Each structure stands twice: as C-alpha cells, then as structure tokens.
Amino acid sequence: MEQKGIKLAAKNSKAYHDYFIDGRFEAGIELAGTEVKSIRQGKLNLKDSFCHVKDGELFVYGMHISPYEKGNIFNKDPLRPRRLLMHKREILRLYGKLKQDGLALIPLSVYFKNARVKVELGLARGKKLYDKRDAAAAKDARREMDRALKNRLR
C-alpha cells in the first residue's frame, strides 16, 4: 500500500485470520489533533475493533489510540467511539449488507493519504475453527513448495 502520498499507520492482521473479507471500503475518520499526532507516532491498535451504524452515522468502536505524551488536557479517551466519514448513500448500502446474517464491518488498516487519516474497512464474514485450520494448512503447504523450489534452483 506504499503508493504516492500513502503511509500505512496500522494494520489489523487478526482480521484476516478471523474473517473472510468480502469487500473493502475507504472512510475518513473524525479525530482530535492530539489523536492524529499519536497515530503519526504509530501508537494505534486495531485489534478487537469493529464498526456499527447508529442513527444513520458510522462509528468505530474498540480502536485504541494511546494518549499523546505532550497533549496534557487536550487528550481524549483512548477507547472512545469515533465517527467515520462516508457518503450517506454508502452508509445506507453498508447498513443493508450488515443486516444480513454473519456480516460485520471491521477496520483493516489505518493510513495517511495526502495528510488525511483514512480507515480501510472490510465487509467480513466470520471464519469457523476448521476454516482457520484449512487456511493454516494451505499457508504451510505454500511455504513448503516455495522452500522446495528454492532448494531445487540451487
């Protein structure tokens, strides 16, 4: 994701392990100034975060942004719900999809795009334990094949 003007701040690797990602969306996020400074320092955790539509607005819950050291009274609560910025039509379309069984909206990554903080959201379906095992087995098999090819080329 290192394109021109894009700098990755945090990635939710656990989401790829726990969910099948069906679709991806980009949203802006409403932050305080000290939160942006803290994100620039990389003090952000997306683990166990999720999104929910409330009163026609999209919010992210469980996103932990550590307080900025030099922020004193301007620091906000690290786990407060933060509003995501998307067009109303997109939010309503997502809300319709979230009403389906087993779908969730999960933050996949947070990045800077031309000095603005953006959140990549994934429309996700939960994996069962056997799905996780299958994914791990496929990953191991791929690793073994790569290792065998590498040794063969020597």
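Which residues are buried in helix α3 (residues 88-98)? Keep in mind, as you select that helix, that this is a predicted model; with residues 88-98 highlighted, colour I91, L94 and L98, which are the buried residues of α3. Look down the helix axis next: these residues cover an arc of only 65° around it, which puts them on the same side of α3. The general rule behind this view is that an α-helix has 3.6 residues a turn, so residues three or four places apart point the same way.

Now turn to the face of α3 directed away from its buried side, where R89 and L92 are exposed. Returning to the buried side, display what covers those residues of α3, which includes the strands β2 (19-29), β4 (50-54), β5 (57-61), β8 (103-113) and β9 (116-126).

From this set, select β8 by itself and show its surroundings: 9 of the 11 residues of β8 are buried, so the strand is largely enclosed by the rest of the structure. One of the partners of β8 is strand β1 (residues 6-11), which pairs with β8 in the antiparallel sense over 5 bridges; to find a point of register between them, select K11, which stands opposite S109 in β8.

Add β9 to the selection, and you will see another antiparallel arrangement, in which 10 bridges join β8 to β9. Follow β8 to K113, which stands opposite R116 in β9, and finish at the turn of the hairpin that β8 and β9 form, with 2 residues between the strands. In that turn, select N114 and check its backbone, for N114 has a positive phi of about 55°.

Key: Residues numbered from 1 in each chain as written. Predicted model: local features only at pLDDT ≥ 70, side-chain atom pairs only at ≥ 80, totals over all residues. Heavy atoms only, no water. Buried < 20%, exposed > 50% of the residue type's maximum accessible area, 1.4 Å probe, protein only. Helix = DSSP H or I, 4+ residues; strand = E, 2+ residues; numbered from the N terminus. Arc of directions from axis to C-beta. Contact = heavy atoms within 4.5 Å. Pairing = 2+ DSSP bridges.
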